[in-house]
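Welcome! Here is a short briefing to help you find your way around the structure shown below.

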Amino acid sequence: SGEQSVWTNLGDETETLLVTLQSSQGQLEDGESAVITASANNLSASPLDVGLIFQMGTGLMVSSQTGCTGNPCTGRFSITEGQQASASVHVTLESGAVRNSYELILNYDYTDPISGERKTGRIEGELTSGNYAPTPTPQPTYTPQPTYTPYPTPTFTPYPTYTPAPTFTPY
């Protein structure tokens with residue numbers, strides 16, 4: 001359920017390397033899964049050595065991976081100019097997960113072909129879930145005011161009165 005989501009790196013760096021993070025689902029419910037794909041596109045005129053490292057938020061369980069290994073799932077690629085490399089992980093929302101969003105982080109690094117300097121970057125995305133414990137909205141509670149309780153008015157209770165016993169009257 002939900003639309004596909006795509007996140008990308010920004011700025012001058014994209015003239016050398018365009019990195020994207022994409023999810024096949026924008027929203028997951030209990031037990032549903034999505035494929036998270038990272039791709040690196042070499043837009044420079046030189047080959048690039050690129051590393052992609054996936055980090056999944058708590059509640060997302062990686063069930064399979066392609067193009068990367070380990071936890072976090074890491075892939076290293078030598079990408080010739082104008083080419084692309086990608087890695088993907090298949091994640092499932094763990095049963096009983098109760099958050100309304102789950103973070104996806106892609107860390108990447110590459111060697112700048114001009115300066116020879118190692119560059120690093122990070123792309124953050126998130127999956128949402130309608131499957132979460134709602135935050136209770138406090139409702140005003142009624143506080144009863146003390147009410148006047150009158151003292152009981154004593155009522156007269158008559159004491160038993162003497163009733164003479166019948167006497168024997170001879171005929």
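## First look

The protein chain has an accessible surface of about 11500 Å², and carbon and sulfur atoms account for 54% of that surface. Please keep in mind that this is a predicted model. The chain contains 9 strands and 0 helices, so a good way to read it is strand by strand, using DSSP runs numbered from the N terminus.

**The chain as a whole**

- Along the sequence, the pattern of the protein chain reads β-β-β-β-β-β-β-β-β.
- Of the 171 residues in the protein chain, 33% are buried.
- Among contacts in the protein chain with a separation of 6 or more, 66% are between residues 24 or more positions apart.

**The sheet of four strands**

- One open sheet has 4 strands in the order 6-4-8-9, with antiparallel pairing.
- Its edges are strand 6 (74-79) and strand 9 (118-128); each has a single partner strand, so one side of each has no neighbour in the sheet.
- From one strand to the next, the twist in this sheet averages 20°.
- Strand 4 (residues 48-56) pairs with strand 8 (residues 101-111) over 7 bridges, in the antiparallel sense.
- To see one of these pairings up close, look at Met56, whose bridge partner in strand 8 is Leu104.
- Strand 4 is also joined to strand 6, by 6 bridges, and the two run antiparallel.
- Here Leu48 is a handy landmark, with Ile79 as its bridge partner in strand 6.
- In a regular strand, side chains alternate between the two faces of the sheet.
- Strand 6 has Gly75, Phe77 and Ile79 on a covered face, while Thr74, Arg76 and Ser78 make up an uncovered one.

**The sheet of five strands**

- Another open sheet has 5 strands in the order 1-2-3-7-5, and its pairing is antiparallel.
- Strand 1 (5-8) and strand 5 (60-66) are the edge strands, each pairing on one side only.
- The twist here averages 20° from one strand to the next.
- Strand 2 and strand 3 run antiparallel and are joined by 7 bridges; in strand 3, Thr37 is the bridge partner of Gln22.
- Strand 3 is joined to strand 7 by 9 bridges, and these two strands run antiparallel.
- Two bridge partners in strand 7 are worth finding: Ala87 for Ala38, and Ala85 for Ala40.
- Strand 3 is mostly covered, with 7 of its 10 residues buried.

**The nonpolar core**

- Which residues touch the most other members of the largest nonpolar core? Of its 31 residues, they are Leu17, Leu21, Ile36, Val50, Leu52, Phe54 and Leu60.
- The elements giving two or more residues to this core are strand 2 (17-23), strand 3 (33-42), strand 4, strand 6, strand 7 (84-93), strand 8 and strand 9.
- Leu52 is a good residue to click on: leaving aside neighbours within four places in sequence, its contacts include Val19, Ala38, Ala40, Cys73, Phe77 and Leu106.
- Thr74, Gly75, Asn107 and Tyr108 are also among the residues in contact with Leu52, with the same neighbours left aside.

**The disulfide**

- How many disulfides does the structure hold? It holds 1 disulfide.
- The disulfide is formed by Cys68 and Cys73, with their sulfur atoms 2.0 Å apart.
- The link between Cys68 and Cys73 is right-handed, with 95° about the S-S bond.
- Are these cysteines buried or exposed? Cys68 has a relative accessible area of 5%, so it falls under the 20% cut-off and is buried.
- Cys73 likewise counts as buried, because its relative accessibility is 5%.

**A loop residue to visit**

- Glu15 lies in the loop between strand 1 and strand 2.
- With a relative accessible area of 60%, Glu15 is over the 50% cut-off and therefore exposed.
- Not counting residues up to four places away in sequence, Glu15 touches Leu43 and Ser44.
- Glu15 and Asn41 are 26 residues apart along the chain, and their C-alpha atoms are separated by 10.0 Å.

Note on methods. Residues are numbered from 1 along each chain as its sequence is written. This is a predicted model: local features need pLDDT of at least 70, side-chain atom pairs count only at pLDDT 80 or more; totals for chains, interfaces and linings use all residues. Side-chain values use heavy atoms; hydrogens and water are left out. A disulfide is a pair of cysteine sulfur atoms within 2.5 Å. Buried means under 20% relative accessible area, exposed over 50%, partly exposed in between (1.4 Å probe, protein chains only). Two strands pair if DSSP finds at least two bridges between them. Axes are lines fitted to C-alpha atoms, for helices over the stretch in contact, and angles run from 0 to 180 degrees between N-to-C directions. Contact means heavy atoms within 4.5 Å. Accessible areas come from the Shrake-Rupley method with a 1.4 Å probe; for residues, only the protein chains shown count as cover. A nonpolar core is a set of buried Ala, Val, Leu, Ile, Met, Phe, Trp, Tyr and Cys residues joined through side-chain atoms within 4.5 Å.
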